[in-house]
Amino acid sequence: MLRTRTIRCATICATLALAGAALGTVAAPAAAGTTAATPQSMACPTGWGSLPETGTPATATPVRDIRTGRHACYDRMVVDVPGAGNVGYSVRYVDRLHQDGSGRPVPVAGGAVLEVRITAPAYDPATGRATYPAQAGRTLPGVDLTGYRTFRDARFAGSFEGDTQVGLGVRARLPFRVLQLPDRVVIDVAHNWTGAR
């Protein structure tokens, strides 16, 4: 009787060991399949273009800040005009950036240059005092483009007759979009044309 129990135990233990090994091999591909579906493997939005984009209206409310940020699919520039509501803009690729008023060229590094024109001054219209502390031809204050995939340079061209002009140097003539939001204009430039990350 003792021998029968030993044989049964050996058979049951071997069966359990085989079942555990089988479950381990089944679990491995399931875990790998879950990893493949992470958000990192998703494609970026497509459908943006490289043709000029414009929006209205103009405002006398002044520009207060210009900032940038890095995202998974694009680099972003935001022009803040607090209290303005909707702000007009014109964004287009140019062969060379020329300063309004003087016509002087403003050097902008990169494989392509986006001219960003915001229909708001960078000064207080009543006093003429600057509301955004930038100098014509210089990089935008507080903007560091180190580590950006698309942006290469950001230069202040000036503020003339109520318009503020910025040159955005990018790696190449890549697709972009412009978002007109309350109190700000947002410019996103994609990392590539294919929508891949």
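Which residue does a disulfide join to Cys44? The partner is Cys73, with an S to S distance of 2.1 Å. The model described here is predicted.

## The disulfide

A search of the whole structure finds 1 disulfide. Its torsion about the S-S bond is about -80°, so the link between Cys44 and Cys73 is left-handed. Cys44 sits in the loop between α1 (2-36) and β1 (53-55), and Cys73 sits in the loop between β2 and β3 (74-80), so the pair ties together parts that are 29 residues apart in sequence. Are the two cysteines buried or exposed? Cys44 has a relative accessibility of 9% and counts as buried. Cys73 has a relative accessible area of 12% and is buried. The cut-off behind both calls is under 20% relative accessible area.

## The four-stranded sheet

An open sheet is built from 4 strands in the order β2-β3-β11-β10, with antiparallel pairing. Its edge strands are β2 (65-70) and β10 (176-181), each of which pairs on one side only. Neighbouring strands of the sheet are turned by 15° against each other on average, direction ignored. At one end of the order, β10 pairs with β11 (residues 184-190) in the antiparallel sense over 6 bridges. Within this pairing, Leu179 has Val186 in β11 as its bridge partner.

## Salt bridges

Side chains of opposite charge can pair when their charged atoms come close. The structure holds 8 salt bridges. The table gives three of them, with the distance between the closest N and O atoms.

| Acid | Base | Closest N to O |
|---|---|---|
| Asp188 | Arg76 | 2.6 Å |
| Asp188 | Arg177 | 2.8 Å |
| Glu115 | Arg117 | 2.9 Å |

Asp188 forms a salt bridge with Arg76. This pair links distant parts of the chain: Asp188 is in strand β11 and Arg76 in strand β3, 112 residues apart. Asp188 also forms a salt bridge with Arg177. Here too distant parts of the chain are linked, with Asp188 in strand β11 and Arg177 in strand β10, 11 residues apart. How accessible are the partners in this second pair? Asp188 has a relative accessible area of 0% and is buried. Arg177 is partly exposed, with a relative accessible area of 24%. Why is Arg177 not counted as buried? Buried means under 20%, and exposed means over 50%, so a value of 24% places Arg177 in between.

## Around Glu115

Glu115 is found in strand β7 (residues 112-118). Glu115 is buried, with a relative accessibility of 4%. Its salt-bridge partner Arg117 is buried as well. Which residues does Glu115 contact, leaving aside its neighbours within four places in sequence? The contacts are Ser90, Val91, Arg92, Val94, Leu97, Gln165 and Val166. With one of these, Gln165, the side chain of Glu115 makes a polar contact of 2.7 Å. Leu97 and Glu115 are 18 residues apart in sequence, and their C-alpha atoms are 6.7 Å apart in space.

Terms used
Residues numbered from 1 in each chain as written. Predicted model: local features only at pLDDT ≥ 70, side-chain atom pairs only at ≥ 80, totals over all residues. Heavy atoms only, no water. Pairing = 2+ DSSP bridges. Helix = DSSP H or I, 4+ residues; strand = E, 2+ residues; numbered from the N terminus. Axes fitted to C-alpha atoms, helices over the stretch in contact; angles between N-to-C directions. Disulfide = S-S within 2.5 Å. Buried < 20%, exposed > 50% of the residue type's maximum accessible area, 1.4 Å probe, protein only. Salt bridge = Lys/Arg side-chain N within 4 Å of Asp/Glu carboxyl O. Contact = heavy atoms within 4.5 Å. Polar contact = N/O pair within 3.5 Å; in protein donor to acceptor, adjacent residues only side chain to side chain.
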